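This report walks through the contacts and packing of one model. Please have the sequence and the 3D view open.

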Amino acid sequence: ADTNRVLADTIRVLTDATPTYPHQVIKQYECAILFKLGRIRSNKIQEPGVLLIIPCVEEVIRVDLRTKVIAVPPQEVISKDSVPVHVDAIIYYHVCDPITSVTGVANLQLATGRLAQTLLRNVLGIYTLTEILDQRDRIQQNLQKHLDEATIVWGVKVERVEFKDVRLPQTMQRAMAAEAEAAREARAK
């Protein structure tokens, strides 16, 4: 009975305080960075729950801690053996250091996506067409390692990189099909 009364009194006090003290509710999958007069207050992260804010003095920036997905648009890559290939990928990442993610880069999603585009072209450019087609897993891990090393300074951990599609030019596809047909006919004789 006493516990219920204390809980009811606490809720009443919070409800009565709402019009006078602005507040924000930080959800379970978020954390918040509290800036007081433009500086991070006590260099700590605000946990989920109710956060009371002093108007005109404090500002709250929420950070979503869930895994996010970036679809890297198709990139034209010239392989080591000078074959043009169109590759698009998906990047999975999450924020591992909220303070650094807020203070280290202005637009985290855009910066990570653009870096992924550039690294996709650079990393795939060191492989031949056969290696790109045969060793996708190893290349994806290599790309993930490079992305993770570059984004950790922004407070981001790259969890996974997946190639969605690897497309060859139509002329190359026709040439490969003709070669495969010729090989089948030679085996049939």
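## Salt bridges

The structure holds seven salt bridges. The model is predicted. Three of the salt bridges are described here.

K164 pairs with D88, with the closest N and O atoms 4.0 Å apart. K164 sits in strand β8 and D88 in strand β7, so this pair ties together parts that are 76 residues apart in sequence. K164 counts as exposed, because its relative accessibility is 52% and the threshold for exposed is over 50%. D88 counts as buried at 8%.

K157 bridges to D148, and here the closest N and O atoms are 2.8 Å apart. K157 is partly exposed, with a relative accessible area of 31%. D148 is buried, at 16%. In the bridge between R167 and D165, the closest N and O atoms are 2.9 Å apart. Both partners are partly exposed: R167 has a relative accessible area of 35%, and D165 has 29%.

## The three-stranded sheet

Three strands form an open sheet in the order β6-β7-β8, with antiparallel pairing. β6 (68-78) and β8 (156-167) are the edge strands, each pairing on one side only. From one strand to the next, the twist averages 25 degrees.

β6 pairs with β7 (residues 84-95) over nine antiparallel bridges. V72 has A89 as its bridge partner in β7, and I78 has P84. Five residues lie between the strands of the β6 and β7 hairpin, where S82 takes a positive phi near 65 degrees. On the other side, 10 bridges join β7 to β8, again antiparallel. H94 stands opposite K157 of β8, the lysine that forms a salt bridge with D148.

## Helices on the sheet

Helix α3 (residues 108-124) lies across β6, β7 and β8. Its direction runs at about 35 degrees to β6. Helix α5 (residues 136-151) also packs on the sheet, touching β7 and β8. The direction of α5 makes about 140 degrees with that of β8.

Does the length of α5 fit or conflict with 1.5 Å a residue? Its 16 residues should span 22 Å, and the end C-alpha atoms are 22 Å apart, which agrees. The buried residues of α5 are I139, Q140, N142, L143, L147, D148 and T151. Their cover includes β7, α3, α4 and β8. D148 is thus on this buried list and also the salt-bridge partner of K157.

## Nonpolar cores

The largest nonpolar core has 37 residues. Which residues have the most contacts inside it? They are I91, L124, L143, L147 and F163. L143 and L147 are among the buried residues of α5.

Elements giving two or more residues to this core are β2 (30-36), β6, β7, α3, α4 (129-134), α5 and β8. α3 gives the most, with eight residues. Leaving out residues up to four places away in sequence, I91 touches K68, V69, I70, V72, A116, L147, V158, R160 and V161. V72, one of these contacts, is the bridge partner of A89. A second core, separate from this one, has six residues, including A32, L51, I53 and V60.

Terms used. Residues are numbered from 1 along each chain as its sequence is written. This is a predicted model: local features need pLDDT of at least 70, side-chain atom pairs count only at pLDDT 80 or more; totals for chains, interfaces and linings use all residues. Side-chain values use heavy atoms; hydrogens and water are left out. Two strands pair if DSSP finds at least two bridges between them. Helices (H or I, at least four residues) and strands (E, at least two) are DSSP runs, numbered from the N terminus. Axes are lines fitted to C-alpha atoms, for helices over the stretch in contact, and angles run from 0 to 180 degrees between N-to-C directions. Contact means heavy atoms within 4.5 Å. A nonpolar core is a set of buried Ala, Val, Leu, Ile, Met, Phe, Trp, Tyr and Cys residues joined through side-chain atoms within 4.5 Å. Buried means under 20% relative accessible area, exposed over 50%, partly exposed in between (1.4 Å probe, protein chains only). The expected span of a helix is 1.5 Å times one less than its number of residues. A salt bridge is a side-chain nitrogen of Lys or Arg within 4 Å of a carboxyl oxygen of Asp or Glu.
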